[in-house]
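Me: Please take a close look at the nonpolar interior of this protein for me. I'd like to see how its pieces fit together, with the cut-offs spelled out.

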Amino acid sequence: MFQEKASANCLNILPTSIEDGAFQKKGHSARVLSPEEVEKLAKDQVLVSEFKQLKLEKEAQKNWDLFYKRNSTNFFKDRHWTTREFQELKACREFADQKLTILEAGCGVGNCLFPLLEEDKNIFAYACDFSPRAVDYVKKNALYSVERCKVFQCDLTKDDLLDNIPADSVDVVTLIFVLSAIHPDKMHLVLRNIYKVLKPGKCVLFRDYGLYDHAMLRFKSGSKLGENFYVRQDGTRSYFFTEEFLSQLFKAEGYEQVVNEYVQRETVNRKEDLRVPRVFLQSKFQKPFRET
Ligand SMILES: C[S@@+](CC[C@H](N)C(=O)[O-])C[C@H]1O[C@@H](n2cnc3c(N)ncnc32)[C@H](O)[C@@H]1O
């Protein structure tokens, strides 16, 4: 279950009392909004000033680092669903205990990385993040070992991954709730960077916020940066993906689409009798065997 702890209008927050509902569907149709939700989004047209937007871009790293200073390792829940949801990690082996090299791009404090390393003893993981503090937390984790992982600080939009990872050497790249934190104009740079280290024929596994996720509808006016793009109170930003946008983004960088679909879940807060519609985009894009 995807659920994070936090205060209102900080990251993507569900109060811990919300229980997981039975409902989940996958498919290509975007979530249908209620008339009230349509009206709310239609009213929210004023964008944050260009000056403030430039400042947010300049201070993106600082804002993520402060995020980890405030929350240390306690914010995101461990993402144990990764192997369940992404059967690819198992499926891409040619034989049962084949060693896989993965890259966890934008690893944060390792909520996805460590469950993976624990669940699968035949993985070597590269992991990187923008925030030096997050990288330090990963290094300090009792499960961190240089035999099984290499973590480093990097801005995926600027710093060449080849400085730390050999070309064409990675079997699986996971990109989990990371691209949404990056300005849409720079997302292609991340995909270009990752392409260089991925083995031909291997995949990027992507999961992130989908269009009309509950978190998107909760932003107050004055938080909108652009189409489907918002800023939280702590200065970190969040983009909400459509299938089409993501598909074009990956294809323009030479990837082939394998899977690209919305996952819609409805969680229920029984106490308040509230239904909470979550929408994620879950996708898989492959680097072709031969470049065209
Ligand atoms: C929502 S968190 C997700 C962390 C982790 N993937 C997880 O699932 O728990 C987004 C992460 O993206 C990182 N990030 C944002 N912009 C980045 C960039 N340009 N390069 C590398 N990491 C970045 C942030 O520091 C943050 O740790």
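**Inside the core**

Reply: Happy to. Beyond its neighbours within four places in sequence, Leu103 is in contact (heavy atoms within 4.5 Å) with Tyr126, Ala127, Cys128, Leu161, Ile165, Val170, Val172, Val173, Thr174 and Val197. This is a predicted model, where local features need pLDDT of at least 70 and side-chain atom pairs count only at pLDDT 80 or more, while totals for chains, interfaces and linings use all residues. Residues are numbered from 1 along each chain as its sequence is written, and side-chain values use heavy atoms, with hydrogens and water left out.

Leu103 and Leu161 also appear, with Leu175, Leu179, Ile194, Leu246 and Tyr255, as the residues with the most contacts inside the largest nonpolar core, a set of 55 residues. Such a core joins buried Ala, Val, Leu, Ile, Met, Phe, Trp, Tyr and Cys through side-chain atoms within 4.5 Å; buried means under 20% relative accessible area with a 1.4 Å probe, protein chains only. Helix H8 (residues 187–197), a DSSP run of at least four residues, is the top contributor to this core, giving six residues. A separate second core holds 20 residues, among them Leu100, Ala125, Val135 and Val172. Val172 is thus a link to the start of our tour, since it is among the contacts of Leu103.

Strand E11 is also mostly covered, with 11 of its 13 residues buried. Strand E6 (residues 198–209) runs antiparallel to E11, joined by seven bridges, and Val204 has Phe285 in E11 as its bridge partner. With E10, E11 forms an antiparallel pairing of 13 bridges, one of them matching Val268 with Arg275.

Methods: Buried < 20%, exposed > 50% of the residue type's maximum accessible area, 1.4 Å probe, protein only. Helix = DSSP H or I, 4+ residues; strand = E, 2+ residues; numbered from the N terminus. Pairing = 2+ DSSP bridges.
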